Amino acid sequence: MIFLIFKVKITGEKTWIFFEANGRPPEIDDPRVIWFVGNVEDQLPTVKIESGPKLIIFDLDVYEPTVFAWRFLCPYLHSGDLVYFDEAYDFDERRVITENVQKHFELETIGFTHTAIAFKLGRRIAINADDACNNLELPIC
Ligand SMILES: C[S@@+](CC[C@H](N)C(=O)[O-])C[C@H]1O[C@@H](n2cnc3c(N)ncnc32)[C@H](O)[C@@H]1O
């Protein structure tokens, strides 16, 4: 199992300084943990996606990087994989779920809190060529 962790350093007036470590990721002594520092749009395409069961945790909050990550990962996902959305009821992540995730797979809700939902992916649903996936130059999911 590989944990992929993305982190973006936000500059400007709205710099987030919580748990700030000068841009250095935590030193976690576990060979399964790999840090990819930077925007998910730049980093995710550099990741070697291995076959096998997957658990994907979406916690980017914002629509654009979340839909990018979903569209990128979608072709690699299979029935039985688990996907978790940490802000599933907020506008941005909910939009990715309603406009993409539930159009691409049958979903079984396996858990939820007042903010988050975890789905088990079921059968892949065929989509037509006009689907929003085509808006990005990524593999059509
Ligand atoms: C709610 S925080 C979650 C962080 C982490 N999962 C945690 O629980 O501590 C959302 C994170 O998404 C990051 N983020 C937002 N847009 C991003 C992007 N385009 N690429 C990479 N990270 C991004 C933000 O910097 C922020 O750290």
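Q: Start with the yardstick: a residue is buried if 20 or more other C-beta atoms lie within 10 Å of its own, exposed if 12 or fewer, and partly exposed in between, with C-beta atoms placed from the backbone. Why is Gly122 called exposed?
A: Gly122 has 12 other C-beta atoms within 10 Å. Exposed means 12 or fewer, so Gly122 is exposed.

Q: What kind of model is this, and how are residues numbered?
A: It is a predicted model: local features need pLDDT of at least 70, side-chain atom pairs count only at pLDDT 80 or more, and totals for chains, interfaces and linings use all residues. Residues are numbered from 1 along each chain as its sequence is written.

Q: How many helices and strands does the protein chain have, and in what order do they run?
A: There are three helices and six strands, running β-β-α-β-α-β-α-β-β from the N terminus. Helices (H or I, at least four residues) and strands (E, at least two) are DSSP runs, numbered from the N terminus.

Q: What is Gly122 in contact with, leaving aside its neighbours within four places in sequence?
A: Gly122 is found in strand 6, and its contacts are Ser79, Phe105, Glu106, Leu107 and Glu108. Contact here means that the C-beta atoms of two residues, placed from the backbone, lie within 7 Å. As for His78, 44 residues away along the chain, its C-alpha atom is 7.7 Å from that of Gly122.

Q: Why is Leu77 called buried?
A: Count its surroundings: Leu77 has 20 other C-beta atoms within 10 Å. The cut-off is 20 or more, so Leu77 is buried. Leu77 is found in the loop between helix 2 and strand 4. Skipping neighbours within four places in sequence, Leu77 is in contact with Lys54 and Leu121. Its C-alpha is also 9.1 Å from that of Arg124, which is 47 residues away in sequence.

Q: And Asp61: what makes it exposed?
A: Asp61 has 12 other C-beta atoms within 10 Å, so the exposed label fits. Asp61 is found in the loop between strand 3 and helix 2. Its phi is near 70 degrees, a positive value in a residue other than glycine.

Q: How do you know that strand 5 and strand 6 pair?
A: Two strands pair if DSSP finds at least two bridges between them. Strand 5 (residues 105-112) and strand 6 have six bridges and run antiparallel, so they pass the test. Leu107 stands opposite Leu121, Phe112 stands opposite Ile117, and a hairpin of four residues joins the two strands.

Q: What about strand 4 and strand 6: how many bridges do they share?
A: Strand 4 (residues 82-85) and strand 6 (residues 117-124) share four bridges, in the antiparallel sense. Val83 has Phe119 as its bridge partner in strand 6.

Q: What makes strand 3 and strand 5 the edge strands?
A: Four strands form an open sheet in the order 3-4-6-5, with mixed pairing. Strand 3 and strand 5 each pair on one side only. Helix 3 packs on the sheet, touching strand 3, strand 4, strand 5 and strand 6.

Q: At what angle do helix 2 and helix 3 pack, and how far apart are their axes?
A: Helix 2 (residues 63-73) and helix 3 (residues 91-104) pack at about 35 degrees, with axes 9 Å apart. Axes are lines fitted to C-alpha atoms, for helices over the stretch in contact, and angles run from 0 to 180 degrees between N-to-C directions. The contact is made by Tyr63, Thr66, Val67 and Trp70 of helix 2 and Asp92, Glu93, Arg95, Val96, Asn100 and Val101 of helix 3.

Q: Which residues have the most contacts inside the largest nonpolar core?
A: That core has 19 residues, and Trp70, Val83, Phe85, Val96, Ile97, Val101 and Leu121 have the most contacts inside it. A nonpolar core is a set of buried Ala, Val, Leu, Ile, Met, Phe, Trp, Tyr and Cys residues joined through C-beta atoms within 7 Å. Helix 2 gives the most, with four residues. As for Val83, its contacts beyond four places in sequence are Ile56, Phe58, Val101, Phe119 and Leu121.
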